[in-house]
Amino acid sequence: WWFRYRNRKMAGVMKLSNPWPAGETIRSGWGYRKHPITGRRKKHRGVDVGYNGPIYAPADGKVVHKGASLNKRTGGGYTLILEHQSPRVWTVYYHLREPSRLLKGTRVKRGEIIAHTGTTGASTGIHLHFETRRSRRWGSDFDPKSILGHVSPKPVKVEEKPKLTEDGLIGRQTWGAVQRMLKADGFYKGRVNGVPGASTVRGLQKFLNQGGW
């Protein structure tokens with residue numbers, strides 16, 4: 001009865017976008033299957049999509065967990081969990097290539113790149129293991145296909161902050177990198193020319209006063 005009730009309820013809520021790129025398909029569904037490593041019959045608590053590429057947020061949400069379980073027989077590898085409000089659901093991502101750049105508490109938009117597929121933990125190849133849960137708790141999973149809208153999101157461009165580089169000298173290259181960093185954070189409005197003028201120094205002082213670096 002629970003599944004019939006849940007399916008009726010899910011029918012009236014906003015759907016999730018596919019967190020994988022258009023053209024990719026589910027290769028292993030939710031439910032019982034023969035485990036690819038142990039060979040034993042075991043419940044698969046998500047769906048697997050085999051591809052090497054970016055993972056997109058399926059709805060607006062917030063990062064509530066980042067983890068790493070790298071055991072080659074039992075681990076989920078680098079892991080990420082998002083909490084969503086519309087619809088009210090938690091989404092889980094296993095076997096990431098590396099830890100997500102997103103910090104716990106970070107808010108994301110539908111379509112934003114949140115991580116990259118990998119093969120960390122108990123994995124036989126590069127893929128995304130994707131779960132939907134009724135709570136953050138393990139074991140509250142349900143079939144993701146019941147809430148996916150079968151439409152991949154339009155990627156949201158997230159501007160990366162420039163990284164500081166240096167050439168061994170406190171010269172134009174280094175000061176130019178400092179200016180780019182200050183400009184990205186709104187502390188410098190001048191030209192990026194590598195010349196530490198008064199506006200550069202003021203911007204750097206403001207940044208340091210707020211606890212930067």
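At roughly what angle do the axes of helix α2 and helix α3 cross? Let's keep that in mind while we get to know the chain.

Hello everyone. What you see above is a predicted model. The chain has 213 residues, and 43% of them are buried. Its secondary structure consists of eleven strands and three helices. If you walk along the sequence, you meet one helix, then the run of strands, and then two helices at the end, in the pattern α-β-β-β-β-β-β-β-β-β-β-β-α-α.

Now for contacts and surface. Take the contacts between residues at least 6 apart in sequence: 57% of these join residues at least 24 apart. As for the outside, the accessible surface is about 12400 Å². Carbon and sulfur atoms account for 53% of that surface.

Back to our opening question, then. Two packed helices are described by the angle between their axes and by the distance between those axes. Helix α2 covers residues 172–184, while helix α3 covers residues 198–209. Their axes come within 10 Å and cross at roughly 60 degrees. That angle makes α2 oblique to α3. The crossing of the two helices is left-handed.

Which residues meet there, from α2 and from α3? On the α2 side, find W175, V178, Q179 and L182. On the α3 side, look for T200, G203, L204 and F207. Sorted by character, the residues of this contact are five nonpolar and three polar, with no charged ones.

So, to take away: α2 and α3 cross at roughly 60 degrees, which means they count as oblique. Thanks for listening, and do have a look at those two helices in the structure above.

Definitions and conventions
Residues are numbered from 1 along each chain as its sequence is written. This is a predicted model: local features need pLDDT of at least 70, side-chain atom pairs count only at pLDDT 80 or more; totals for chains, interfaces and linings use all residues. Side-chain values use heavy atoms; hydrogens and water are left out. Helices (H or I, at least four residues) and strands (E, at least two) are DSSP runs, numbered from the N terminus. Buried means under 20% relative accessible area, exposed over 50%, partly exposed in between (1.4 Å probe, protein chains only). Contact means heavy atoms within 4.5 Å. Accessible areas come from the Shrake-Rupley method with a 1.4 Å probe; for residues, only the protein chains shown count as cover. Axes are lines fitted to C-alpha atoms, for helices over the stretch in contact, and angles run from 0 to 180 degrees between N-to-C directions. Angles under 35 degrees count as roughly parallel, over 145 as roughly antiparallel, 65 to 115 as roughly perpendicular and the rest as oblique. A crossing is left-handed if the near helix is turned anticlockwise from the far one by less than a right angle, and right-handed if clockwise. Ala, Val, Leu, Ile, Met, Phe, Trp, Tyr, Cys and Pro count as nonpolar, Asp, Glu, Lys and Arg as charged, and the others, Gly among them, as polar.
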